[in-house]
Amino acid sequence: MTSFLYLAGLILLLTVAASLVRIHIGPTRAERMMSAQLIGTSGVGTVLLLAGAEGNGAMIDVALVLALLAAFAAVAFVKASSPDGAGDPEEDDG
């Protein structure tokens, strides 16, 4: 069972490599951000698979932090891409 988890982690790392290539050649910022999100998701999956294979519960906390960072990166991208910070709750309406 452990070897299966390591194999699945290796497959996820291959998707990270493909995402890095897409970040390098992707012509638009949105495509690069989607590739970065794929790296974050694959990273969470890989860490969770390693936590299951090694029986290390502390790695689950690392996966949760990585998932939060990926979510914050997506929000920051949307805020930076919107014209004049549209949809910003801290922006004055006047």
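What covers the buried residues of α1 includes α2. Buried here means under 20% relative accessible area, exposed means over 50%, and partly exposed lies in between, with a 1.4 Å probe and protein chains only. The buried positions of α1 are Leu5, Gly9, Val16 and Ser19. The model is predicted, so local features need pLDDT of at least 70 and side-chain atom pairs count only at pLDDT 80 or more, while totals for chains, interfaces and linings use all residues. Residues are numbered from 1 along each chain as its sequence is written, and side-chain values use heavy atoms, with hydrogens and water left out.

Now the overall layout. The protein has 3 helices and 0 strands. Along the sequence the pattern reads α-α-α. Helices (H or I, at least four residues) and strands (E, at least two) are DSSP runs, numbered from the N terminus. Of the 94 residues in the protein, 21% are buried. The protein exposes about 6500 Å². Carbon and sulfur atoms supply 71% of that area. Accessible areas come from the Shrake-Rupley method with a 1.4 Å probe, and for residues only the protein chains shown count as cover.

Contacts reach along the chain too. Take those between residues at least 6 apart in sequence: 47% of them join residues at least 24 apart. Contact means heavy atoms within 4.5 Å.

Return to α1. This helix has 24 residues. From its first C-alpha to its last it reaches 35 Å, close to the 34 Å expected at 1.5 Å a residue. The expected span is 1.5 Å times one less than the number of residues.

One residue of α1 to look at is Ser19. Ser19 is buried, with a relative accessible area of 2%. Setting aside neighbours within four places in sequence, Ser19 is in contact with Ser35, Leu38 and Ile39. Ser35 is itself among the buried residues of α2.

Ile39 sits in helix α2. Its relative accessibility is 23%, so Ile39 counts as partly exposed. Beyond residues up to four places away in sequence, Ile39 touches Val16, Ser19, Leu20 and Ile23. Two of these partners, Val16 and Ser19, are buried residues of α1.

Ile39 also pairs with Leu13 in a distance check. The two are 26 residues apart in sequence, and their C-alpha atoms are 8.8 Å apart in space. Leu13 lies in helix α1. At 44% relative accessibility, Leu13 is partly exposed.

Leu13 also belongs to a surface feature. Together with Leu7, Leu10, Ile11 and Leu14, Leu13 makes a nonpolar surface patch of about 480 Å². Patches are made of residues with over 30% relative accessible area and no salt bridge; like charges are joined within 9 Å, and nonpolar side chains (Val, Leu, Ile, Met, Phe, Trp, Tyr) within 5 Å.

What about charge pairs? The structure holds 1 salt bridge. A salt bridge is a side-chain nitrogen of Lys or Arg within 4 Å of a carboxyl oxygen of Asp or Glu. Here the side chains of Glu31 and Arg22 meet at 2.8 Å, N to O. Glu31 counts as partly exposed because its relative accessibility is 29%. Arg22 is also partly exposed, at 33%.

Next, helix α2 as a whole. It runs over residues 29–54, which makes 26 residues. At 1.5 Å a residue, α2 should span 38 Å. Its end C-alpha atoms are 37 Å apart, which agrees. Gly55 follows α2, and the phi of Gly55 is positive, near 70 degrees.

The buried residues of α2 are Met33, Ser35, Gly40, Ser42, Gly43, Val44, Thr46, Val47, Ala51 and Ala53. What covers them includes α1 (2–25) and α3 (58–81).

The α3 side brings in the core. Which residues form the largest nonpolar core? It has 5 residues: Val44, Val47, Ala51, Met59 and Ala63. α2 and α3 each supply at least two residues of this core. α2 gives the most, with 3 residues. A nonpolar core is a set of buried Ala, Val, Leu, Ile, Met, Phe, Trp, Tyr and Cys residues joined through side-chain atoms within 4.5 Å.

Val47 shows some of these contacts. Leaving aside neighbours within four places in sequence, Val47 is in contact with Met59, Val62 and Ala63. Of these partners, Met59 and Ala63 belong to the core.
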